[in-house]
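Here is a short tour of a protein model, written for someone who likes to know the cut-offs. Have the coordinates open as you read.

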Amino acid sequence: MNKLAFLRRTLLTTISILVALLSSVALGQSQMKHSKLDLISEVTSVAEGSTFSVAITLDPDPGWHVYWKNPGDNGKAPSETWTLPEGFTAGELQYTVPSFVPFGEYMSYGYNDKALFITEIKTPVDFDGPIKIECSVSWLICDDSLCVPESGKVSLSIPKGSGENLSTWHDDFEAARAKHPQKVDWKAEFVTTEESVELEIQIPKDVGDVSDVWFFPAAQKLINHAQPQSIGVENSVIRIKSVAGIRFGRYEEIVGVLRTVPSSAKEKPRSFEFQAQRVKQLTEWDLDAMSTRSPTDIKALSASH
């Protein structure tokens with residue numbers, strides 16, 4: 001082989017390797033302009049007729065944030081499109097409890113640290129391995145003055161097996177689950193007017209102290225997120241009054257999250273996800289006795305930059 005042919009072959013080999021590497025990066029962890037995107041699995045193998053967990057991860061750069069399923073006054077929640085083998089199905093994204101994210105005079109709900117959005121994948125009773133899972137993701141990422149739409153495609157390949165072996169990501173999944181709100185079946189009702197949204201929730205006595213909480217509605221534009229909320233507690237009943245949003249009259253049933261406000265830096269907040277039904281009237285309440293606070297004052301629940 002002459003020198004020119006050798007150099008040409010070496011160059012072609014190098015280009016092939018680079019193309020393969022670039023393809024691998026495009027389908028694995030993707031570095032965007034202001035964040036990183038990845039797709040991870042909690043297990044190292046997948047069993048027939050089983051359910052296992054994967055997670056989309058979004059890791060914003062310092063000073064940037066991504067959004068909860070209700071982004072608040074501004075923003076956009078992540079959206080995903082799955083490409084799965086035949087017979088496989090993906091559940092809805094599971095969101096950890098959000099933080100307040102001030103944005104000028106507005107208030108958003110989201111995350112300024114790495115966030116895992118867990119999804120349960122169901123497998124058929126019979127399939128050939130390994131399985132390849134792809135996900136196209138789009139999201140909005142913002143700092144204090146600018147919002148940028150980002151998108152990417154990530155994938156992973158998992159061999160067929162017992163499905164019992166946990167991956168190195170297991171602790172990350174467990175940490176994310178610890179931040180999921182606890183789903184409860186407490187009695188909850190709400191009323192709305194053009195001025196306000198009032199919510200009443202009966203708290204079981206064995207739950208403990210949840211007298212200082214903040215209400216995060218999953219229903220978009222139900223309340224004005226930047227405005228103060230008033231709270232009152234009496235006989236294990238919590239009343240929360242918020243300024244109405246532009247869609248105050250749209251919902252007959254809402255899902256919301258109550259997140260406790262820690263009394264000290266050592267105390268961790270608790271969170272509860274509930275469903276509330278619209279009613280014509282709530283019980284009489286001394287609204288003047290309720291305490292009022294602004295989301296900008298709740299530093300323990302704010303995502304600071």
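## Surface and burial

The protein exposes about 16200 Å², and carbon and sulfur atoms supply 51% of that area (Shrake-Rupley method, 1.4 Å probe). Of its 305 residues, 46% are buried, meaning under 20% relative accessible area with a 1.4 Å probe and protein chains only as cover.

## How far to trust it

This is a predicted model, where local features need pLDDT of at least 70 and side-chain atom pairs count only at pLDDT 80 or more, while totals for chains, interfaces and linings use all residues. Residues are numbered from 1 along each chain as its sequence is written, and side-chain values use heavy atoms, leaving out hydrogens and water.

The average pLDDT (the predictor's confidence in each residue, from 0 to 100) is 86, with 88% of the residues scoring at least 70. Over residues 1–27 the pLDDT is below 50, and this stretch has eight contacts in the model beyond near neighbours in sequence (contact: heavy atoms within 4.5 Å). Where pLDDT is low, the predicted coordinates should not be read in detail.

## Fold and core

The secondary structure comes to two helices and 20 strands (DSSP runs: H or I of at least four residues, E of at least two, numbered from the N terminus). Among contacts with a separation of 6 or more, 75% join residues 24 or more positions apart.

The largest nonpolar core (buried Ala, Val, Leu, Ile, Met, Phe, Trp, Tyr and Cys joined through side-chain atoms within 4.5 Å) has 65 residues; Phe52 and Ile133 are among those touching the most other members. Strand β10 (residues 131–142) gives this core its largest share, six residues. Apart from it lies another core of six residues, including Leu116 and Phe173.

Notes: Buried means under 20% relative accessible area, exposed over 50%, partly exposed in between (1.4 Å probe, protein chains only).
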